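Work through the exercises below with the sequence and the model side by side. Try each task before reading its solution.

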Amino acid sequence: MSALPSDRKQPASAALVIFAKAPIPGQVKTRLCPGLTEDEAATLHGSFVLDTLERTKAAVHKFKLPVDRFLACAPSSTHVFFRIMEARHGVTLLDQQGDNLGDRMAQAFSTLFARGYRHVFLVGTDVPSLPLTHYRDAVQSLTRHDLILGPAKDGGYYLIGMTAPHPDLFSDIPWSTDQVMGLTQQKAAAAGLKTALLPAWSDVDTLDDLHALIDDCAADKKRPKQERVYSQRTAGTLELLAKRLRTREA
């Protein structure tokens, strides 16, 4: 278990796991290619991972959440990108283990419940504008529910949290389809789990999603600096990609 922050006296009761791939060209955000080059897709993905690390840290600090943060790594926690994230962002590294996404998520839950955490959450990295309050609300909801889900607008989910392992929620699910959320809810209901939902949010899987994100970021840039959601890094990346896409799509 990770060391306790100096400003928290009690051990964390919850673990927040950020599921991430190393930003290797050709292995991440492949559905954005050939609209983007493989290098551009990898750069965007890397920025999203950094956003998630920064925003989860900010949420834990702002709301004083009893949460330890973990980074579940693929293909391996030995990749230099993850070692740098560990050193800079104070997360504990885990290897993703399993043949498919469901197996890997189930294993992460099993590992962290075995370490003594009472609540475990998994979040993806494709929601760079997710409000900090969603993390607070997720933590609070699991004091009254067995399961919390953050629905993605494409039919999947961007966050899942539980109070005990439920590996059946991850079996026989057609991942990367619009059936993921509905089937997960059906399995939860059949198991008698009391479920809460966070607000639906958009993730970034397709070029249409990317265009919507670019538009949202452009609108965000018009807000006062202290009210902006997107990091300067991601805003700059999206602005550059928007220019390149306009040239290619002309």
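A crossing of two helices is left-handed if the near helix is turned anticlockwise from the far one by less than a right angle, and right-handed if clockwise. Helices (H or I, at least four residues) and strands (E, at least two) are DSSP runs, numbered from the N terminus. The model is predicted: local features need pLDDT of at least 70, side-chain atom pairs count only at pLDDT 80 or more, and totals for chains, interfaces and linings use all residues. Residues are numbered from 1 along each chain as its sequence is written, and side-chain values use heavy atoms, with hydrogens and water left out.

**Exercise 1. Describe how α1 packs against α4.**

Step 1. Two packed helices are described by the angle between their axes and the distance between the axes. Axes are lines fitted to C-alpha atoms, for helices over the stretch in contact, and angles run from 0 to 180 degrees between N-to-C directions.

Step 2. For α1 and helix α4 (residues 132-141), the angle is about 60 degrees and the axes are 9 Å apart. This angle makes α1 oblique to α4. The cut-offs are under 35 degrees for roughly parallel, over 145 for roughly antiparallel, 65 to 115 for roughly perpendicular, and oblique for the rest.

Step 3. The crossing of α1 past α4 is right-handed.

Step 4. On the α1 side, the contact (heavy atoms within 4.5 Å) is made by T52, R55, T56, A58, A59, K62 and F63. On the α4 side, L132, T133, Y135 and R136 take part.

Step 5. Sorted by class, this contact has 5 nonpolar, 3 polar and 3 charged residues. Here Ala, Val, Leu, Ile, Met, Phe, Trp, Tyr, Cys and Pro count as nonpolar, Asp, Glu, Lys and Arg as charged, and the others, Gly among them, as polar.

**Exercise 2. Repeat the analysis for α6 and α7.**

Step 1. Helix α6 (residues 207-221) and helix α7 (residues 232-249) have axes that come within 10 Å and cross at roughly 130 degrees. That makes α6 oblique to α7.

Step 2. This crossing of α6 and α7 is left-handed.

Step 3. From α6, the residues in the contact are L210, H211, L213, I214, C217 and K221. They meet A235, L238, E239, A242, L245 and E249 in α7. The class counts are 8 nonpolar, 1 polar and 3 charged residues.

**Exercise 3. Lay out the sheet and find its edges.**

Step 1. Strands of a sheet pair through backbone hydrogen bonds, either parallel or antiparallel. Two strands count as paired if DSSP finds at least two bridges between them.

Step 2. The open sheet has 7 strands in the order β3-β2-β1-β4-β6-β5-β7, with mixed pairing. β3 (92-95) and β7 (195-197) are at the edges with a single partner strand each, so one side of each has no neighbour in the sheet. From one strand to the next, the twist averages 20 degrees.

Step 3. Strand β1 (residues 14-21) and strand β2 (residues 67-74) run parallel and are joined by 8 bridges. F19 has A72 as its bridge partner in β2.

Step 4. β1 also runs parallel to β4, with 5 bridges between them. I18 is partnered by V123 in β4.

Step 5. β4 and β6 run antiparallel and share 4 bridges. V120 has M162 as its bridge partner in β6.

Step 6. Helix α2 (residues 80-89) lies across β1, β2 and β3, at about 165 degrees to β2. Helix α5 (residues 180-190) lies across β5 (147-151), β6 (157-162) and β7, at about 165 degrees to β5.

**Exercise 4. Is strand β4 buried or exposed?**

Step 1. Buried means under 20% relative accessible area, exposed over 50%, and partly exposed in between (1.4 Å probe, protein chains only).

Step 2. In strand β4 (residues 119-123), 5 of the 5 residues are buried, so the strand is largely enclosed by the rest of the structure.

Step 3. In a regular strand the side chains alternate between the two faces of the sheet. From β4, H119, F121 and V123 point one way, while V120 and L122 point the other way.

**Exercise 5. Locate the unusual backbone angles.**

Step 1. Most residues other than glycine have a negative phi, and most peptide bonds are trans.

Step 2. The bond joining C33 and P34 is cis, with omega about 15 degrees. P34 is in the loop between β1 and α1.

Step 3. The bond from A74 to P75 is also cis, with omega near 5 degrees. P75 is in the loop between β2 and α2.

Step 4. D172 has a positive phi, near 55 degrees, and is exposed at 72% relative accessible area. S176 has a positive phi, near 65 degrees, and is exposed at 68%.
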